[in-house]
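Welcome! Please take a look at the structure below, and then let us walk through it together, one region at a time.

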Amino acid sequence: MKPILTAQQMRDMERAYFDAGAASIDLMERAAAALCDELLHALAGRGKTCVFACGTGGNGGDGYAAARLFAEKGGRAIILPVGQPRTTDAIRNCERARGAVFAFADVRGLDAIPRPDAWADCLFGIGLSRAPEGDAARVIEHMNADREAGSVTISADIPSGLCADDGTVFSPCVRADVTVAFQTAKPGHWLGGGMDVCGGLAVREIGIPDNLLPEDVLRLADVSDAARALPVRKRTAHKNDFGHLLIVAGSRGMAGAAAMCTRAALRAGAGLTTVACPESCLPILQTLAPEAMCIPLPETDGALNADAAPLLRDALRGKTAVAAGCGLSMRASGECVRVILESGLPAMLDADALNLIAQDASLRKLLHSHCALTPHPGEAARLNGGMRPTMEAAARLHALGPAVLLKGACSLIVGDGRFLSASGSVGMAKGGSGDALTGIVGALLAQGLSPTAALWLGGELHGRAGELAAEDKGTFSMLPTDLIEALPRVFLSLEELRR
């Protein structure tokens, strides 16, 4: 898996590299070369004029060096200093650029600069923790206006105005066409609003050896990782070898959520699937998911009542995992969730199972290391007392025992390690997509994967299926059921990768 470093981890890695004898100016030169190459690629056939907006620190030094390299390769480089360079390497590269580039511009004459073919955003880098102000803010706004008019914008390491650690988009913030990340991606490229402002992400190694990576590094999962993690199936296997998943879901008006969860679990390889649901939902589930067995349970006002708990305890016997919450309703008895947690089985908990836990401290105390939680931002805030869903929030939930996947355009997983799953499409932003994820993760738990592995692998399977569904149906029209029906193509592609 590809490493992703926070701003502090990146600084520590660079410091260790320099302490081992490497020259910082050489590292800056390699970063500048990566930026220049990406700029030349983006400008192919579009013209050769680029304004390099250079800040006062290392990111500005990258810009001065890239402008010189761009000019050496035939480009028309204009440097726009935003403040005087203050680091040794930035000062040195600023002096190197004088005489080599077309011109140095003055920020006071910003409005007089003709719109260039491209802007190189080298203002702040990964250390920014507040909104840009003054001349920097003016330059960012000008850069964005030129981009709207047709200029290409390339950001060095991270768009100026974006927090590298959590993806907070300050105002103003550069809207890049391409972001060139040096050595590794940063969390902010993927989290928060990062994907909306980074454009395409090009990660370019600049020569720091991997043995300097921190042990607790965040990792980005991809399709090759998913292919390796997929359980291998023997030709002589039978259904009992692939687990028996119990799904506890559904209520009056939300039987569809239980059906989507069940169909996703079946598509994700569970050998046996049984659904425990309110009695009134039974005909719907038997019709929509005929491959699954069903257990009707007592209900009140269309939701499972306390009398369902002892029957549910019996139903849990012999199962290898349980998935609960999809369409369960807040009218459902919390005793049903209590029985699930007390069973000690690997448990995938979502939706109203999480909401019931959030309002009952005694249920919260029963969370354990075999649990996997998949809260969306609202559910995460309720579980964490209103805390904004961030890496810190996920770690706080994990401290209670379970592995946690915070849902989003990019999902953050915290458990036995920290992972990001960035596959998916905006077409998945539709009610029911989370029910499909619950079924997928539940099926993986039933097949013996750990909660952490089931979450990141399930996130990748879910996201890739969403991409395929969007290709077929479009992001406006695709449905969660389209995502579920795309799962066979995902599994086929992974099996081909393993051959």
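## A sheet of seven strands

In this predicted model, seven strands come together in an open sheet, and their pairing is parallel. Reading across, the order is β4-β3-β2-β5-β6-β7-β8. The edges belong to β4 (103-104) and β8 (200-204), each of which has a single partner strand, so one side of each is left without a neighbour in the sheet. As general background, strands of a sheet pair through backbone hydrogen bonds, either parallel or antiparallel.

Let us look further into this sheet. Strand β2 (residues 49-54) runs parallel to β5 and is joined to it by five bridges. Strand β5 (residues 118-122) also pairs with β6 in the parallel sense, over four bridges. A good residue to find here is Ala-120 of β5: it is the bridge partner of Phe-52, and Ala-120 also stands opposite Ile-154 in β6.

## Covered strands

How many residues of strand β6 are buried? In β6 (residues 152-156), five of its five residues are buried, and the strand is mostly covered. Val-152, Ile-154 and Ala-156 point one way from β6, while Thr-153 and Ser-155 point the other way. Residues on both sides of β6 are buried.

Strand β11 (residues 272-278) is another one to look for. Seven of its seven residues are buried, so β11 is largely enclosed by the rest of the structure. Its pairing with strand β10 (residues 244-248) is in the parallel sense and covers five bridges. Within this pair, Ile-247 stands opposite Val-275 in β11.

## A helix with a buried face

Now turn to helix α16 (residues 391-398), where Met-391, Ala-393, Ala-394 and Leu-397 are buried. Why do these buried residues line one face of the helix? Seen down the axis of α16, they fall within an arc of 160 degrees, so they share one face. In general, an α-helix has 3.6 residues a turn, so residues three or four places apart point the same way.

Several elements help to cover the buried residues of α16. Among them are the helix α15 (377-383) and the strands β9 (218-221), β18 (403-406), β19 (411-415) and β20 (417-421).

## Two pockets

The largest pocket holds about 780 Å³ of space. Its lining is made up of 28 residues, and those nearest its centre are Glu-14, Gly-57, Gly-58, Asn-59 and Asp-62. Four elements give two or more residues to this lining: α1 (7-19), α2 (24-42), α3 (58-72) and α4 (88-97). The most comes from α1, with five residues. By class, the lining of the largest pocket has eleven nonpolar, nine polar and eight charged residues.

In the second largest pocket there is about 580 Å³ of space. Here 28 residues form the lining, with Lys-407, Gly-408, Met-428, Ser-433 and His-462 nearest the centre. The elements giving two or more residues to this lining are α17 (433-446) and α18 (451-473). The largest share, four residues, comes from α17. Sorted by class, the lining of the second largest pocket has nine nonpolar, 14 polar and five charged residues.

## A histidine in a loop

Next, find His-370 in the loop between α14 (361-364) and β17 (371-373). Is His-370 buried or partly exposed? With 41% relative accessibility, His-370 counts as partly exposed.

Leaving out residues up to four places away in sequence, His-370 touches Gly-344, Leu-345, Pro-346, Ala-347 and Pro-451. His-370 and Thr-452 are 82 residues apart in sequence, and their C-alpha atoms are 9.3 Å apart in space.

## Some backbone details

Most residues other than glycine have a negative phi, and most peptide bonds are trans. With that in mind, here are some places to check. Ser-171 and Pro-172 are joined by a cis peptide bond, with omega about 0 degrees. Pro-172 is found in the loop between β6 and β7 (178-182).

Asp-301 has a positive phi, near 55 degrees. This residue lies in the loop between β13 (299-300) and β14 (303-304), and Asp-301 counts as partly exposed at 44% relative accessibility. Ala-351 has a positive phi as well, near 50 degrees. Ala-351 lies in helix α13 (residues 351-358) and is buried, with a relative accessible area of 14%.

How values were computed
Residues are numbered from 1 along each chain as its sequence is written. This is a predicted model: local features need pLDDT of at least 70, side-chain atom pairs count only at pLDDT 80 or more; totals for chains, interfaces and linings use all residues. Side-chain values use heavy atoms; hydrogens and water are left out. On a 1 Å grid over the protein atoms alone, a cavity is a set of points where a 1.4 Å probe fits but cannot get out, and a pocket is an open set with protein on both sides within 12 Å along at least five of seven lines; lining residues have an atom within 4 Å of a point. Grid points are joined across faces, edges and corners, and a volume is the space filled by probe spheres set on the points. Ala, Val, Leu, Ile, Met, Phe, Trp, Tyr, Cys and Pro count as nonpolar, Asp, Glu, Lys and Arg as charged, and the others, Gly among them, as polar. Buried means under 20% relative accessible area, exposed over 50%, partly exposed in between (1.4 Å probe, protein chains only). The arc is that of the directions from the helix axis to the C-beta atoms. Contact means heavy atoms within 4.5 Å. Two strands pair if DSSP finds at least two bridges between them.
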